[in-house]
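Me: Please take a close look at one part of this model, the small sheet and the helices packed around it. I should like a single connected account, with the terms explained as they arise.

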Amino acid sequence: MEPTLVDEAYGFLRAHLSGRIRFDGERVEIRVAPAPDGTLVAPVMVAMLRSVDTVLELPDDGDEGIQLQVTLEQIEETGPDGGLCDRWCIYHGEPPDVRWARMTIEAASFHGHFVDGQALARPNAFAAEEPALCRRLNTERLDAIVRAAEVTAGHRLTEPKVVGVDPWGIDVRSRLGIARIHAESALASVSDVEPWLAGISGVKG
């Protein structure tokens, strides 16, 4: 597959963290959050954990969306992966279910093309520095970031907050969901984040 299409599929995935999950003939709404290792995390129903054929449809099952074949692994909120559950709550608020799962992407369908799951499982090289960077951006650059995020979202953001930073962009939470500011090319290091923001039209100052 052309690298540009893989990048487009990844960008689309990161811009659409809400949709539906299909399992055993059922289809229910779900919201996912990116984990530092490139997997996804979400609160889930017991039936989802037992299913052997589980598909994420983001934002839906239409031709313009992305469909992800995923494998679910149960994790515990009080266990070693509890930080992933906290991360989901930072992105989305109160969970609708009490059980949690890490989702490994096995494969995807995007615009009629097959995408290997490993190509979409991109670890966040900024993970160790992400919390401090989010705090700094929320304190020092939030107004500028919100202006850029509102262009992406197509609407005004209410109660915005930076909740994620990675080499490919920034995630901003608001009452209506996550708005993604996408980097056209991967940032090499955390020190590149603010210069990149300053170079985006309308984000200076």
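**The sheet and its helices**

Reply: Strand 9 (residues 161–166) and strand 10 (residues 169–174) pair in the antiparallel sense over 5 bridges; two strands count as paired if DSSP finds at least two bridges between them. The model is a predicted one, in which local features need pLDDT of at least 70 and side-chain atom pairs count only at pLDDT 80 or more, while totals for chains, interfaces and linings use all residues. Residues are numbered from 1 along each chain as its sequence is written, and side-chain values use heavy atoms, with hydrogens and water left out. Helices (H or I, at least four residues) and strands (E, at least two) are DSSP runs, numbered from the N terminus.

Between strand 9 and strand 10 lie 2 residues, and the two strands form a hairpin. Within this pairing, Val162 stands opposite Val172 of strand 10. Of the 6 residues of strand 9, 5 are buried, so this strand is largely enclosed by the rest of the structure. Buried here means under 20% relative accessible area, exposed over 50%, and partly exposed in between (1.4 Å probe, protein chains only).

The hairpin belongs to an open sheet of 3 strands with the order 9-10-11 and antiparallel pairing. Strand 9 and strand 11 (177–182) stand at its edges with a single partner strand each, so one side of each lacks a neighbour in the sheet. On average, neighbouring strands of the sheet are turned by 25° against each other, direction ignored. Axes are lines fitted to C-alpha atoms, for helices over the stretch in contact, and angles run from 0 to 180 degrees between N-to-C directions.

Helix 3 packs on this sheet and touches strand 9, strand 10 and strand 11, its direction making about 65° with that of strand 10. Helix 5 also packs on the sheet, touching strand 9 and strand 10, and its direction makes about 135° with that of strand 9. Contact means heavy atoms within 4.5 Å.

In helix 5 (residues 130–140), the buried residues are Glu130, Leu133, Cys134 and Leu137. Seen down the helix axis, these residues fall within an arc of 100°, so they line one face of helix 5; the arc is that of the directions from the helix axis to the C-beta atoms. The face turned away from the buried side carries the exposed residues Arg135, Thr139 and Glu140. The cover over the buried residues of helix 5 includes helix 3 (82–92), helix 6 (142–153), strand 9, strand 10 and helix 7 (193–199).
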